[in-house]
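Dear colleague,

I am passing this structure on to you, and my notes follow directly below it. Please read them with the structure open beside you.

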Amino acid sequence: MKVNRICCIGAGYVGGPTMAMIAAKCPHIHVDVVDLNAERIAAWNSDELPIYEPGLNDIVVEARGKNLFFSTDVEESIAAADLIFVSVGTPTKSYGIGAGRAADLCYIESAARMIAKNAKGPKIIVEKSTIPVRTAEAIRTILGANSDHGQFQVLSNPEFLAEGTAVEDLTEPDRILIGGERTPEGDAAVEALVSVYANWVSRDRILTTNLWSSELSKLVANAFLAQRISSINSISALCEATGADVDEVGRAIGTDSRIGPKFLKASVGFGGSCFQKDILNLVYLCEHFGLPQVSQYWHAVVQMNDWQKERFSTKIVKTLFNTVRGKKIAILGFAFKKDTNDTRESASIYVCRDLLSEGANIALYDPKVPVSTIHADLNYVGVSDEVIDRQLTICSSAEEATDQSHGLAVLTEWDEFATLDFSAIYDKMFKPAFVFDGRNVLPHDKLRELGFDVYAIGKG
Ligand code: UDX
Ligand code: ADP
């Protein structure tokens, strides 16, 4: 099987960058990225891409119009492709059975039905979206029941890219994981996809497994990463109680080569579209398969994360003499981490919600997140428009946000926050001037010298 034409259904955070990289590295392959959302497609075809990723613009511009095409022609593109990536969203279900935990597979199902309807010959279908284990079976069943030729091979090829470093992660991945059915046809389909990646990834980094191992590995990788953050965050509370310093503890344990240094940075809590969603999905799967102990074990990772966010807002309220009512608090950062405009599950949303419910006036500054997103995110967690109008001001600089404030809190580790003119900021704040560093990125000693009262995560 040779892959000449690829179609990717879903032009989101995963589909867009991944296909741009494939197109840039495989000039002989025609890549269509299709989406039902015309506005999103128009953005991919414009100078202002719908997502912000360092380096992405260059690779899109290089390939767009040559062998990379963004369109809403879902049906034609499916019909023409040899290999179809399914890269639609799989949000946590908000209703019915498994609400709040299970993945909502409605977009996967609709994509599978569209493929069945429009595929006239053999196709390789590749699950790119993160999905619960055994979703491939559901896709196969839908394809089989709705198509007259039945020549489909379903593969799992999870994406491990992290936002903000998507281009780097795609250029030099730790590994590419491809799961397929262990039959001669399945092996041939796996080899076809391997040969696409082999254009720029060395073969020893391309792992092939059975379908279920591949599907499960994606959930497990995210669960292990999130678990490390919850583990160090749990220790941050103990550091504060005992006088230890969580960064020193992190360094001390991270130099053990068995533990390793990455993902040991204590914070106000992890966010992003994947960690919480994937763990809850794992939790639900374990329950479904009659493993309540395993399910509880992983659920604790999310519970610890929720507690860490709550602990941070409580700390602010308690420090400000048990009341923030009517006080201006500057919140620096709304994205779930630096170098992205993505706010999904960002700790900042929850901290803002809690402070607003305590009556605080929030002055919020984030260098990349649009005002409409901030409003929508707060609405989603139950903050009314009335409260937003009365108590929230979106600022265009950190200086504006901190002017005449009682406290400032860093919720995202944007580089620019570490080098602000703190002396000028101090002069314009009410005294005592409180700083709450939820990311441990500010120069704490210098701030104390200037007169600030500093609280930092995990610093006893
Ligand atoms: C994650 C995985 O890293 C990626 O492999 C997967 O494909 C998708 O989910 P992403 O959500 O983009 O990627 O961000 P990541 O860099 O992993 O950070 C997730 C959250 O953890 C962020 O809120 C970040 O600030 C936080 N974090 C990360 C910490 O609090 N401490 C750390 O040490 C590392
Ligand atoms: P991810 O972060 O996994 O990439 P996103 O939500 O950013 O997820 O993107 C998924 C995209 O898939 C959305 O732009 C959505 O419009 C698109 N989509 C969902 N279902 C279909 C479908 N059946 N056909 C085409 N596009 C779809």
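A polar contact, as the term is used in this message, is a pair of N or O atoms within 3.5 Å. Please also keep in mind throughout that this is a predicted model.

With that cut-off in hand, we can begin at ligand 2, where a backbone N or O atom of Tyr13 lies 3.1 Å from an oxygen atom of the ligand. Two side chains make contacts of this kind as well: a polar side-chain atom of Asp35 lies 2.6 Å from an oxygen atom of ligand 2, and an N or O atom in the side chain of Arg40 is 2.6 Å from an oxygen atom of ligand 2. Taken alone, ligand 2 exposes 590 Å², of which the protein buries 84%. The shell around ligand 2 has 17 residues, and Tyr13, Val14, Asp35, Arg40 and Ser110 are the closest of them. Helix α5, which spans residues 106-118, gives the largest share of this shell, with four residues. Sorted by class, the residues around ligand 2 are eight nonpolar, six polar and three charged.

Ligand 1 can be described in the same order. An oxygen atom of ligand 1 is 2.6 Å from an N or O atom in the side chain of Ser267, while for the side chain of Lys337 the corresponding distance from an N or O atom to an oxygen atom of ligand 1 is 2.8 Å. The backbone takes part too, since a polar backbone atom of Gly271 is 2.9 Å from an oxygen atom of ligand 1. On its own, ligand 1 has 660 Å² of accessible area, and the protein covers 89% of it. There are 20 residues around ligand 1, and those that come nearest are Phe160, Glu163, Lys265, Ser267 and Arg439. Here the largest share of the shell, four residues, comes from helix α9, residues 211-242. The shell around ligand 1 consists of 11 nonpolar, three polar and six charged residues.

Turning to the strands, you will find an open sheet of six strands in the order β11-β10-β9-β12-β13-β14, paired in parallel. Its edge strands, each of which pairs on one side only, are β11 (392-394) and β14 (453-456). On average, and with direction ignored, neighbouring strands of this sheet are turned by 20° against each other. Within it, strand β12 (residues 407-410) and strand β13 (residues 434-437) run parallel and are joined by four bridges, and Gly407 has Phe434 in β13 as its bridge partner.

Another parallel pair is formed by strand β7, residues 176-180, and strand β8, residues 206-210, with five bridges between them. In this pair Ile178 stands opposite Thr208 in β8. Together with helix α8 (residues 184-197), β7 and β8 make a right-handed β-α-β unit.

Finally, two places in the backbone deserve a careful look. As background, most residues other than glycine have a negative phi, and most peptide bonds are trans. Against that, Lys431 and Pro432 are joined by a cis peptide bond, with omega about -5°, and Pro432 is found in the loop between α17 (422-428) and β13. Asp339, although not a glycine, has a positive phi of about 60°, and its place is in the loop between β9 (328-332) and α13 (347-357).

With kind regards

Conventions:
Residues numbered from 1 in each chain as written. Chains lettered and ligands numbered in written order. Predicted model: local features only at pLDDT ≥ 70, side-chain atom pairs only at ≥ 80, totals over all residues. Heavy atoms only, no water. Pairing = 2+ DSSP bridges. Helix = DSSP H or I, 4+ residues; strand = E, 2+ residues; numbered from the N terminus. Right-handed = clockwise from strand over helix to strand, strands pointing away. Near = heavy atom within 4 Å. Polar contact = N/O pair within 3.5 Å; in protein donor to acceptor, adjacent residues only side chain to side chain. Areas by Shrake-Rupley, 256 points an atom, 1.4 Å probe, with all protein chains shown as cover. Nonpolar A, V, L, I, M, F, W, Y, C, P; charged D, E, K, R; others polar. Axes fitted to C-alpha atoms, helices over the stretch in contact; angles between N-to-C directions.
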